[in-house]
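Me: Could you take a close look at one part of this structure for me? I'd like to start from the nonpolar core and then move on to a loop and the sheet beside it in your account.

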Amino acid sequence: MKRLHSMKKLSFFIVFLLVLLVLNVSCLAQTESTAAPMEKTEKEALYSTMQGFVGNSWNGSDLYPDPCGYTPIQGVECDVIDGLWYVTALNIGPIHDNYPSCTENSEFRSHLFEFKHLKTLSFYYCFVTSNKSISSLNWGKLAGTLESLEFRENPGLTGQIPQGFGEISKLQSLVLLENGLSGALPSNLGDLVSLRRLVVAGNRFTGEIPASLGNLSQLLIFDSSRNYLTGVLPRTIGGLSSLLKLDLSNNYLSGKLPSEIGNLKTLTLLDLRNNNFSGGLAQSLQEVTALEEMALSNNPMGGNLMGFKWENLQNLVSLDLSRVGLTGEVPESIGELKRLRFLGLNDNNLIGNISPKLADLPSLSTVRLNGNNFSGELKFSKGFYEKMGRRFGAWSNPELCYPIELLSSTSDVPVGLKPCREN
């Protein structure tokens, strides 16, 4: 027993020593990291760059003598590389309460392009009133390191997208959201083959979507909504084989959807609302089986829903085909979409009876069938109307009615419809 007790004490002592060793190594590494010097030119570049954005009265050397160590600058991130501190991220603007805010006369100084290891650069609500162009700046100097570049909510940021953006070969995220940028999307954006996210929404871009963007086989998100883009959707769109989200809504795009859109096998969101697309639904859309949201409303597409294998789209949660000029009947296969929550078919020219199978969809919470030419008797149960309430819309269908017995059994009768006449 004494021997066993001694062995336990020895084991505990060994474990205790190991814990102390690990803590000592960790503290030593942290101390060495904190105590690491910052390269002189890097520090000067940081002070000058920040001063250009927050104003000449900002004295970085006095306020932040050790900007990557004991006196960090909010919005600035650093890493130790080869024993020296280097700036790896700059976040300018009131992202958080204590982040540096830009002055009215903010300017880009050449020192910004001298950081040797800069990976992330973002500007939020920085250029608000004055017209500030970034077209002539030497963005290509950041080609070797920059992975993320963002300009969000800068209404005073004007001019075109710099050609130099297409030279930042390591870029994985380019976000130009809600600025005052204009002109065409440069074709050399298609050279950014490492790009995962391309967001250019909420600007004043014009012209066509460059065919070269089809080279971005690793792209996950493409959002160019809320611009003034025109022309057709290029066939090269099928090259975006990794795409999860495609949002081109609120533009002036036209023409027929290319069949190559069916190559986007991983696509979960397709939003083409408020454009001028025509030529009916692309049959190849039935091959995009990962789709969860399909929004095509407010396009003069025409065509009908028959002959489309809706049963293929078992992941579909939201289907919005309102105001697209649909004709013909609604196929019963739509009643097989078990995950469907929202169905918008309103304001078309659809005819025929409405299938009672819609009421069997377990997740359905909103149905819009108003503004069509449906006819006959609605054959949904009392429980269906009680569940849906005002989220069921079928008004403005002159030949459509509901069973007269609903008048005495529930107050949730379909709004805008009359009870069927008794024979």
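Reply: Happy to! In this predicted model, the largest nonpolar core has 110 residues, and W139, F151 and F165 have the most contacts inside it. The elements giving two or more residues to this core are the helices α2 (40-54) and α4 (382-388), along with the strands β1 (76-81), β2 (84-92), β3 (120-124), β5 (148-154), β7 (173-179) and β25 (399-402). The largest share comes from α2, with six residues. F165 is a good residue to zoom in on: setting aside residues up to four places away in sequence, F165 touches I134, W139, L149, F151, L174, L176, L189 and L192.

One of the contributors to the core, β25, also belongs to an open sheet of five strands with parallel pairing, ordered β19-β21-β23-β25-β26. At its edges are β19 (327-328) and β26 (418-419), each of which pairs on one side only. Further in, β21 pairs with β23 (residues 373-377) in the parallel sense over two bridges, and G352 stands opposite F374 in β23.

Now for the loop between β20 (342-344) and β21 (349-352), which is where N348 sits. N348 counts as buried because its relative accessibility is 5%, under the 20% cut-off. Its side chain reaches the backbone oxygen of N346 at 3.2 Å. Apart from neighbours within four places in sequence, N348 is in contact with L321, S322, R323, V324, G325 and L326, and also with G371 and N372.

Definitions and conventions: Residues numbered from 1 in each chain as written. Predicted model: local features only at pLDDT ≥ 70, side-chain atom pairs only at ≥ 80, totals over all residues. Heavy atoms only, no water. Core = buried A, V, L, I, M, F, W, Y, C linked by side-chain atoms within 4.5 Å. Buried < 20%, exposed > 50% of the residue type's maximum accessible area, 1.4 Å probe, protein only. Helix = DSSP H or I, 4+ residues; strand = E, 2+ residues; numbered from the N terminus. Contact = heavy atoms within 4.5 Å. Polar contact = N/O pair within 3.5 Å; in protein donor to acceptor, adjacent residues only side chain to side chain. Pairing = 2+ DSSP bridges.
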